[in-house]
Each structure stands twice: as C-alpha cells, then as structure tokens.
Amino acid sequence: MTFAVKNTVFPMILLKLAEWFVYKLLANSCYKAAMEVKNSRIFFKNSSSFRSSHQIPIHPNISKCKNSRKSETVVCDIQSTLLRSESFFPYFMLIAFEGGGILRALFLLLSSPLLFVLDFEAKLRVMVFISFCGMKIKDVECVGRAVLPKFYLENLNVRVYELMKSAGERMVFTSVPRVMVEGFLKDYLSVDCVKGTELHCFGNYFSGFVSSSGILSKHRALMEVVGEKKPDIGIGNSSFHDHLFISLCKEAYVVSKEDATTTSSILPREKYPKPLIFHDGRLAFLPTPLATLAMFMWLPIGIPLAIFRILIGICLPYKVAVLLGKLSGIRLRVKGTDPPRSENDKGVLYVCTHRTLLDPVFLSTSLGKPLTAVTYSLSKMSEILAPIKTVRLTRSRQKDGEAMQRLLSEGDLVVCPEGTTCREPYLLRFSSLFAELADEIVPVAMNTNVSMFYGTTASGLKCLDPIFFLMNPRPCYTVEILGKLPKELTCAGGKSSHEVANYIQRQLGAALGFECTNLTRRDKYLMLAGNEGVVEDHNSTINTSN
C-alpha cells in the first residue's frame, strides 16, 4: 500500500510542475498579447491619436546629446546601453565557469535553448539560479572583481561612456543582479548610485533565487530614489520598458542596435578609465552560447592534445620536439641569436619577461640547450613535468643570491625578475637581485598569444597552468633574444643594481611595445585574490605568484 502511494505521488508532482510551467508560459504569452492590444488601442487609434501626447515618445539618438554635462545627473542601464551587447548570457557564463566550475557552465549552456523561448524575467531567473545556486558570496565577489571588468571594458559603448564620464552625477539602474555589476561600475566608472536586482542568500551562500523584492523595475526604482526631482539625462534602448524609464528624465536619448554594432562604438584601450593591467580567469574569449559550445566541443580534443604536447617536450630531443610541436599547432617565433659565450667559467644569465610558467621551457627549446630556471614557486606537478632543471627560491635575498651564484657557476641560468606573470602589455617592476650576480646578462623579450584559455591564474590551481595554455588550438610563443648587455651598463661597469634592472625593463618594454610600471606581485594579488600572494607551506612562507 505504501509503495503504491509513493509510486503515484512522484508522477503527480511532475504533472503539477509541468502544469505550472505551461500555465506560466501561456499566461505570459496572453499577458504580452493583451498588453500589445492595449498599447495599440492607446497609441494607434487613428492617425491623429498617433501624434498625440499619449503615444510612446520617440526620443532622439544618443549622437544628438552634447558631452559637456558637468553639473548634471545622468541615469542609464548597463545592459544594451552602457554595454554594447544585448544579452547578458556571457557574463552569467563567466560567473558559472570561473566561480562554479565546468559542470555548472555546461548546465547553463544546455539551458540556452530554453532561454530563447522564455520572456525576459523568466530567462533572468533561470540564469540566476543556474549561475548562483550554492555559490559562495566571496567567490562571486572575486569573479566580479578579477574577471568581469576585462570583458565589461571591452564591451563598453564609447558614446555612452563619454557622456557618463562628463556628467556631474552618475546613476545606473538595471535588472541584472547588483553583485555582478556594482564593483565594476563604482571602481572603474565612478558611478555614484547602482541599483540592481538583489539575490537571496543563506549564510555565506547564494540560494539561486532573487530576493523578495523581485526583479528590479527600473522606472519604479528611479522614482523611489529621486522622488519628484527629475534627473537631467536618461539613456536607454528602444524597448518599451526603457521608454518608461528614461521618460522620467528631463532629456531622454536612445541607443539603437545599429549604434552598438558599429566599430566606432568600441572603446579603445587607451581611453579606458583605468589601465587594465591585472585580471584573472581561464577564459580568453567572451563566452557567448556559440563560442561556449565551440569550447566544449574542443575539450575532448584539447585535453589529449595538451598531454601529447607535454610528453614530446619531456621525452624528445629539442629539434624533434620543435617539429612535432609545430605540427600539433604550436607557433614558436624566435628572433635574434644566442650571443657568444665569454671565456670565464660562469654561465650566462638570461633575464626574461614573465608571461607563463613555460617561459624558461620555450627559451631552452628555442636555444636548443639545457637551462636552469629559478622560480619563487612551483607546484609539484609542474616540477615533475618540467623538461629542464628548476630550483625554488625563498625570497631571502642572501640565500637566493648564494643559490643563484652557485647555479651560475654550474651553467646558464634563466630568471624572471618580475616575480609573477602579467597577461596585458605591461611590465611589472624588476627585482634588482639578478644584476648583482652576473656581468654576462642577456635580456629576452617573451610574449604569448592565446585564443581560448589563459595559462595563468591567481586564484585557481596553478598546477593546471601549463595544461590550460597547451589546450589552446594554436598557442603562440614569441621569443626575442636581445644583444648581451654591454659591460659598462652592468654593475661591473659602475652601475647600481637598480639602474641595471630599470634599464633592462625599459629595453624589454621597448622591444615588446609594453608599458613599464612600478607595480609588484603584491599589488597583483591584493587586487585579484585579496591576499599578498603567499601561503604557509611546511612552516615556511612560499610565494604563489606565477
């Protein structure tokens, strides 16, 4: 009897859920149809009523608005207005993949066909549930601080941004979850007020549901904030809801779809409100549904391919490894030649820019000779798989200096004085320790280019860095060997170690077209991970910054 009851209860629950879903879908469809009929009766009764004051206002294009608005208030939405993209799916995918993992990202991708048939509110609720359910609040905040700003900056509408920049007060109202956009808007665009959909939390986790206040209604939220005082300028898109929103302002302007798709609407890097130097995350592309589908279709090929590339680097001679690597899709571009070695017994010190953990490996392969690499941190897996000798440093200047002197007496040495990797066209401050140890110094400008995955991380598993880099379909490494540093520019020629380090930094920056900075590893990790880039390991402090 009990078994029969259980067997009937579960199908009944499924039937009720299906009935509720069909009801909601039909109700939304009927509601939309009714609203369209109602609007058509109000606004299009006849030709005279079409021109009456009751019609939906036809607002001028954003190009008609003057930029000089220093004492005025500007309000807008981030979706389809401040950002050029209409869909917010890629940013939910970044939350799901970078914060929740590959399975959550796959689930969100599989839901994308359903999202196409749902209305805006239902679509937003589904994406919120899949992306946020069970996520730690601190993990989402980390993605919002370290990952999303890069993609937001690349997608800014230059016309709207310039108008916002010139305003005296900036306000953003959006249906998107506030936690996804507030950090970027306040840190990069200096927005004074950000109102978005609030998410429900239990303890330190997101439940996956919106709060009891529901999806934010922009025009209602604007009225609550400003009261009877009208903001000076409102910017929106051509949708009915945005017309309601921006009609509450003294002046209203519209961003058309054509404006968002033109190349002239893209904000150039040199106009970014703040230089984009540090960012985190594995994905090197904006994960639209099609791009994400392509990534998942590539993974069954990319993972074995990465393992194959690692094995040929470990097991085969340099020339054979280079040949097979090129056949597998790796692009290695080498400029310059290895300068002749002097007659003294000490080895040559190669000073490299730091792009990934594989910098010393690709330099060794390019030169066709074994090198020893010194690093402040190396995972056990990377140490085992490295085809060259690697030695850990301790950040004790005296101990590290003695270790590097000993290694130079044994052979050639590779050092990356930035102390941590940087993805963007900037060079971090160089440590001057290397300049005190050798007179035979060869600067090497190294750069990488990837299309799918970044081979570095500040908050993820560093042992997977080489695998992610080699999973790219056609990863590219550029190695430019500059001439040996003249003796008069070394410490032996009377220069201080800081002068030598700064000179080499400028030389490498000029070769790569990169900008030199005074930023350090500590600055990077405080921004991306909220720590100083050190962990306690076996009762000793070891740097984690590679």
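1. In this predicted model, Glu440 touches Ser342, Asn344, Gly347, Val348, Leu349 and Lys484, when residues up to four places away in sequence are left out. Among these, Lys484 deserves separate mention, since the side chains of Glu440 and Lys484 are joined by a polar contact of 2.6 Å. Glu440 is placed in the loop between β13 (426-427) and β14 (441-449). The relative accessibility of Glu440 is 15%, and because buried means under 20%, Glu440 counts as buried. A charged residue in a loop is thus described here by its location, its burial and its side-chain partner.

2. A second loop residue to inspect is His59, found between α2 (47-50) and β1 (73-76). His59 is buried, with a relative accessible area of 18%. Its side chain makes a polar contact of 3.4 Å with the side chain of Ser247. The residues that His59 touches, not counting those up to four places away in sequence, are His243, Ile246, Ser247, Ala252, Tyr253 and Val254. Ser247 therefore appears both in the list of residues touched and as the partner in the polar contact, under the definition of contact as heavy atoms within 4.5 Å.

3. Leu276 lies in the loop between α14 (257-261) and α15 (289-315). With a relative accessible area of 1%, Leu276 is buried. Which residues does Leu276 touch, not counting residues up to four places away in sequence? They are Lys150, Leu153, Tyr188, Arg269, Glu424 and Tyr426. For Tyr426, the separation from Leu276 is 150 residues in sequence, while the C-alpha to C-alpha distance is 9.3 Å.

4. The chain as a whole gives the setting for these residues. The chain has 22 helices and 18 strands. Of its 546 residues, 49% count as buried. Among contacts between residues at least 6 apart in sequence, 72% join residues at least 24 apart.

5. The packing of helix α4 (residues 89-100) may be considered next, beginning with helix α7 (residues 120-132). The axes of α4 and α7 come within 8 Å and cross at roughly 20 degrees. That angle makes α4 roughly parallel to α7. The crossing of α4 past α7 is left-handed. On the α4 side, the contact involves Phe89, Phe92, Ile95 and Ala96, which meet Leu124, Met127, Val128, Ser131 and Phe132 of α7. By class, these residues comprise eight nonpolar, one polar and no charged.

6. Helix α4 also packs against helix α5 (residues 102-110), at an angle of about 155 degrees and with the axes 6 Å apart. The helices α4 and α5 are therefore roughly antiparallel to each other. The α4 residues in this contact are Phe89, Phe92, Met93, Ala96, Phe97 and Gly100, and those of α5 are Ile102, Arg104, Ala105, Leu108 and Leu109. The contact of α4 with α5 has nine nonpolar residues, one polar and one charged. Phe89, Phe92 and Ala96 of α4 take part in the contact with α7 and also in the contact with α5.

7. Is helix α17 (residues 359-367) largely enclosed or largely open? Seven of its nine residues are buried, so α17 is largely enclosed by the rest of the structure. The buried residues are Asp359, Pro360, Val361, Phe362, Leu363, Ser364 and Leu367. Just after α17, Gly368 takes a positive phi of about 70 degrees.

8. Two serines merit a check of backbone geometry. Ser80, although not a glycine, has a positive phi of about 65 degrees. Ser80 is found in helix α3 (residues 78-82), and at 14% relative accessibility Ser80 counts as buried. Ser190 likewise is not a glycine and has a positive phi of about 55 degrees. Ser190 lies in the loop between α11 (178-188) and β3 (193-197). At 41% relative accessibility, Ser190 counts as partly exposed, whereas Ser80 counts as buried.

Key. Residues are numbered from 1 along each chain as its sequence is written. This is a predicted model: local features need pLDDT of at least 70, side-chain atom pairs count only at pLDDT 80 or more; totals for chains, interfaces and linings use all residues. Side-chain values use heavy atoms; hydrogens and water are left out. Axes are lines fitted to C-alpha atoms, for helices over the stretch in contact, and angles run from 0 to 180 degrees between N-to-C directions. Helices (H or I, at least four residues) and strands (E, at least two) are DSSP runs, numbered from the N terminus. Angles under 35 degrees count as roughly parallel, over 145 as roughly antiparallel, 65 to 115 as roughly perpendicular and the rest as oblique. A crossing is left-handed if the near helix is turned anticlockwise from the far one by less than a right angle, and right-handed if clockwise. Ala, Val, Leu, Ile, Met, Phe, Trp, Tyr, Cys and Pro count as nonpolar, Asp, Glu, Lys and Arg as charged, and the others, Gly among them, as polar. Buried means under 20% relative accessible area, exposed over 50%, partly exposed in between (1.4 Å probe, protein chains only). A polar contact is a pair of N or O atoms within 3.5 Å; within protein, one must be able to donate a hydrogen and the other to accept it, and residues adjacent in sequence count only if both atoms are side-chain atoms.
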